[in-house]
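Dear colleague,

Please find below the sequence and structure that I am handing over to you. My findings follow underneath.

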Amino acid sequence: MQLANSATDVDATEDGGVQATVTNASDIESRAVSTSITTDVLPSMSATDIDVPALSTDLLVEMYKKALTIRLMEEALLASAEEGQIGGAMHTAIGHEANAIGAAAALRRGDYVTCTYRGHHHGLAWGMDPGRAIAEVMGRSDGFAKGKGGSMHFVSPEHGMMGANGIVAAQVPHAAGLALASHIRGEDRVAITFFGDGALFQGVMHETFNIAAKWKLPLIFYCENNRYSEMTPIWRTSSIEDIYLFPRSYGMDSMQIDGNDVEVVHAAVSQAAERARSGAGPTFIEGITYRLAGHMAGDLETYRPQEEVEKQQAYEPLTVLRQKLLARGVDDARIAAIDEEIDEMIDEAVAFAENSPWPDPAETYLDVFVSTTYGEE
Ligand SMILES: Cc1ncc(C[n+]2csc(CCOP(=O)(O)OP(=O)(O)O)c2C)c(N)n1
Ligand SMILES: [Mg+2]
């Protein structure tokens, strides 16, 4: 196994995103990681060995802040939903954070992302502001889609966030279209699309695998395998539980990785992005993760034992990140100060959203239809 010898510097962007640049830094120890899965929910699961360059401590701190921001925002949203402040279905990504954060840091500003109805973590990882994000979920006019999209249609093209989607797998061909547009325009933008394990059994998924591989589109397929499709465990629905094997029948390279470790996710997405930009085509990444909260707000979770959830708490993205920080010498006091800072920031974000006005009914039909035809400016 080859040991990588590079590290990543953090570059916090103005709009709150975290961007990473890989540089040579032989003084930071690199490691080759066998990302064996620590859960026994699926004891037979084994992961792909990949080279994982050590990220800089500064970047890990930024990633921790982002993960905590997402986590606390999601918890605040669940509380707001319970108070009846949120209309429609709302799905949180508590436990999934590392998949979005590791990927966003490995990609460039200008790269596209599409995702499922479980997409708050992608939006924030791509730089969306928590106050406006919460306002959107609450249907307020300061939201990114003026409150018209809500949780399931999170969108912010200025951040490259091209849309969450309530229809399982519908966002996948959208990302193929974005990748194709990038190719036709001669740009080097990559598109990444996130979906769940349940999406693998949608026909459009396989149609997209085929054409993306055939046309070598600059596309990254990222499956957040939390081992449940709504309330149904994967072993009841899938002929094989190693999801990453499906795309291989389309001639696509794929890997199965630890989706709870930002460094592993970062390394995998970096590899896939390099391949996409070089013209070698798409890669499929299966990030093994776990949904710590219910499928959606109000889920009674009668379909899984509480012990299973508790077991996963020992290896969830925030715990993993805290351990990494402690190992790098970032002490408990510094972490506690960060925790306090983010907690206050989320309180302010919630207050901002709650004070945001409701949309004007006169705007109902605005921004609904595109007013130009293809090719017109
Ligand atoms: C085409 C379609 N079929 C069914 C549904 C209902 N549905 C909503 S979420 C979901 C489960 C999807 O599971 P998975 O892809 O694993 O994503 P997760 O919710 O676990 O993140 C289903 C079947 C839907 N939204 N769209
Ligand atoms: Mg799932």
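**Ligand shell, sheet and core**

The shell around ligand 1 is made up of five nonpolar, seven polar and three charged residues. Please bear in mind that this is a predicted model. In total, 15 residues surround ligand 1, and Val168, Gly196, Gly198, Ser229 and Glu230 are the closest. Two or more residues of this shell are given by each of strand 7 and strand 9 (228-229).

I turn next to the sheet. Six strands form an open sheet in the order 6-5-7-8-12-11, and their pairing is parallel. At its edges are strand 6 (161-165) and strand 11 (253-258), each of which pairs on one side only. Direction ignored, neighbouring strands of this sheet are turned by 15° against each other on average.

At one of these edges, strand 11 runs parallel to strand 12 (residues 283-288), and six bridges join the two. Within this pair, glutamine 256 stands opposite glutamate 286 of strand 12. Helix 7 (residues 262-277) packs on the sheet, where it touches strand 8, strand 11 and strand 12. The direction of helix 7 makes about 170° with that of strand 12.

Helix 5 (residues 171-184) lies across four strands: strand 5 (112-116), strand 6, strand 7 (191-196) and strand 8 (219-225). Relative to strand 7, helix 5 runs at about 170°.

As to the interior, the largest nonpolar core has 94 residues. Those with the most contacts inside this core are Ile134, Ile192, Leu219, Ile220, Ala268, Val269 and Ile285. Helix 1 (residues 57-82) contributes ten residues, the largest share of the core. For isoleucine 192, residues up to four places away in sequence being left out of the count, the residues touched are Ala103, Leu107, Asp111, Val113, Ala175, Ile220 and Tyr222.

Finally, I would draw your attention to lysine 65, which lies in helix 1. Is this residue buried or exposed? Lysine 65 counts as buried because 20 other C-beta atoms lie within 10 Å, and the cut-off for a buried residue is 20 or more. Apart from neighbours within four places in sequence, lysine 65 is in contact with Ile338 and Ile342. Leucine 318 is 253 residues away from lysine 65 along the chain, yet their C-alpha atoms are separated by 9.7 Å.

With kind regards

Conventions: Residues are numbered from 1 along each chain as its sequence is written. Chains are lettered from A and ligands numbered from 1 in the order in which they are written. This is a predicted model: local features need pLDDT of at least 70, side-chain atom pairs count only at pLDDT 80 or more; totals for chains, interfaces and linings use all residues. Two strands pair if DSSP finds at least two bridges between them. Axes are lines fitted to C-alpha atoms, for helices over the stretch in contact, and angles run from 0 to 180 degrees between N-to-C directions. Two residues are in contact if their C-beta atoms, placed from the backbone, lie within 7 Å. A residue is near a molecule or strand if its C-beta atom, placed from the backbone, lies within 6 Å of it. Ala, Val, Leu, Ile, Met, Phe, Trp, Tyr, Cys and Pro count as nonpolar, Asp, Glu, Lys and Arg as charged, and the others, Gly among them, as polar. A nonpolar core is a set of buried Ala, Val, Leu, Ile, Met, Phe, Trp, Tyr and Cys residues joined through C-beta atoms within 7 Å. A residue is buried if 20 or more other C-beta atoms lie within 10 Å of its own, exposed if 12 or fewer, and partly exposed in between; C-beta atoms are placed from the backbone.
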